[in-house]
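Let's take a friendly walk through this structure, starting on the inside and finishing on the outside. Have a look at the picture before reading on.

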Amino acid sequence: MSDLKRKRNVLNVKQKLEILQKLENGESASPDTEDVLNEGNTTSHSAALQSAETLLDYMGQRGFDYGDITAVRKICVDIRQEMNKQQKQRRITEFLKQ
């Protein structure tokens, strides 16, 4: 059994106050909370994409079935789309803060 530890995402005081203020104003704070808790996922998306691309290289070298390679390519596309979606959301948020 390995000694893997789960990374805990904890809100800092400023983030907690911002979320509480939104709740007091009757706004939904769940998207903000989710964004804060998922901040580290950008790195994991990049790591996942890199791993999937490495897998594609390996599959190409080993002569895997075209259908299998296509499935992994689809995963790469999905990861890129999610990364682009999150980047667009961050840009909009930053624009609105100005």
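## The nonpolar core

In this predicted model, the largest nonpolar core is built from eight residues: Leu49, Ala52, Leu56, Met59, Ile69, Val72, Cys76 and Ile79. Two helices, H3 (41–62) and H4 (66–97), each supply at least two residues of this core. In soluble globular proteins, nonpolar side chains tend to be buried together.

Cys76 is a good residue to click on. Which residues does Cys76 touch, leaving aside its neighbours within four places in sequence? The partners are Leu49, Ala52, Glu53 and Leu56. Of these, Leu49, Ala52 and Leu56 are also listed among the core residues.

## A nonpolar patch on the surface

Now turn to the outside. Val13, Leu17, Leu20 and Leu23 make a nonpolar surface patch of about 390 Å².

Leu23 belongs to helix H1, which covers residues 13–24. Is Leu23 buried or exposed? Leu23 has a relative accessible area of 49%, so it counts as partly exposed, because that class lies between the 20% limit for buried and the 50% limit for exposed.

## The whole chain

Stepping back, the chain has four helices and zero strands. Read from the N terminus, its elements follow the order α-α-α-α.

The chain has 98 residues, and 15% of them count as buried. Its accessible surface comes to about 8500 Å², with 53% belonging to carbon and sulfur atoms. Among contacts between residues at least 6 apart in sequence, 48% join residues at least 24 apart.

Notes
Residues numbered from 1 in each chain as written. Predicted model: local features only at pLDDT ≥ 70, side-chain atom pairs only at ≥ 80, totals over all residues. Heavy atoms only, no water. Core = buried A, V, L, I, M, F, W, Y, C linked by side-chain atoms within 4.5 Å. Buried < 20%, exposed > 50% of the residue type's maximum accessible area, 1.4 Å probe, protein only. Contact = heavy atoms within 4.5 Å. Patch = residues over 30% accessible without salt bridge, like charges linked within 9 Å, V, L, I, M, F, W, Y side chains within 5 Å. Areas by Shrake-Rupley, 256 points an atom, 1.4 Å probe, with all protein chains shown as cover. Salt bridge = Lys/Arg side-chain N within 4 Å of Asp/Glu carboxyl O.
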